[in-house]
Amino acid sequence: MFSAIIRFQNYGQQVVEAANYIGQGFAVTSDHSNRLPITVQYPYEKNLPSERFRGRIHFEFDKCIACEVRVRVCPINLPVVDWIFLKDVKKKKLKNYSIDFGVCIFCGNCIEYCPTNCLSMTEEYELSSYDRHELNCDQTALGRVPSSASQDVSIQLVSNSKNGKIFGQKKFNN
Ligand code: SF4
């Protein structure tokens with residue numbers, strides 16, 4: 001008789017626990033049902049990169065002194081710096097510069113240690129290609145002025161909450 005009461009008590013506790021878990025699940029579900037979807041309809045909508053986003057590297061050829069510091073600080077010795085030594089002025093002259101974005105890990109070391117600030121990270125993240133060799137960028141490709149999603153006039157901001165607060169998303173204005 002006594003053991004039956006204890007078993008009944010345990011059963012009651014388990015029922016209460018299960019009801020509690022089901023209630024928690026419903027609370028999470030109902031909380032999410034009030035929110036708008038956060039899926040971005042790329043490429044018609046785009047996420048705005050965060051302030052310190054590490055995108056394609058921009059290179060300014062004229063500023064470079066071919067010191068090769070960035071090659072030494074790069075964890076995979078990636079940047080290729082091709083230079084000649086001008087004996088008359090006893091100075092290095094940069095001939096070619098390239099970074100292979102198919103290999104780069106976007107750690108930002110080269111940018112941090114460059115003494116002339118000729119490298120910078122951009123917001124550009126659309127670097128996909130069918131052939132990874134196309135991602136090997138020379139100084140001309142690296143010097144291209146970066147496109148910025150935040151300054152793209154063909155895209156407009158999307159409100160992504162019920163109180164009208166703007167989140168980091170943009171949408172094509174068709
Ligand atoms: S971002 Fe990092 S991996 Fe890429 S080139 Fe610079 S140092 Fe090398």
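**The β3–β4 hairpin and the ligand shell**

Mentor: In this predicted model, strands β3 and β4 make up a hairpin with 4 residues between them, and Lys90 in the turn has a positive phi of about 50 degrees.

Trainee: How do you know that β3 and β4 pair, and in which sense?

Mentor: Pairing requires at least two bridges between the strands, and β3 (residues 80–86) and β4 (residues 91–100) are joined by 7 bridges in the antiparallel sense, so the pair meets the criterion. Within this pairing, Asp82 stands opposite Asn96 in β4.

Trainee: Why is strand β3 said to lie largely in the open?

Mentor: A residue is buried if 20 or more other C-beta atoms lie within 10 Å of its own; of the 7 residues of β3 the number that are buried is 0, and therefore the strand lies largely in the open. For the chain as a whole, 10% of the 174 residues count as buried.

Trainee: What makes residues of the shell around the ligand nonpolar, polar or charged, and how many are there of each?

Mentor: Cys counts as nonpolar, whereas Asn falls among the polar residues because it is in neither the nonpolar nor the charged list. The ligand is surrounded by 14 residues, the closest being Cys74, Cys104, Cys107, Asn109 and Cys110, and the shell divides into 12 nonpolar, 2 polar and no charged.

Trainee: Which elements does the chain contain, and in what order do they run?

Mentor: There are 4 helices and 8 strands, running from the N terminus as α-β-β-α-β-β-α-β-β-α-β-β.

Note on methods: Residues numbered from 1 in each chain as written. Predicted model: local features only at pLDDT ≥ 70, side-chain atom pairs only at ≥ 80, totals over all residues. Near = placed C-beta within 6 Å. Helix = DSSP H or I, 4+ residues; strand = E, 2+ residues; numbered from the N terminus. Buried ≥ 20, exposed ≤ 12 C-beta atoms within 10 Å, placed from the backbone.
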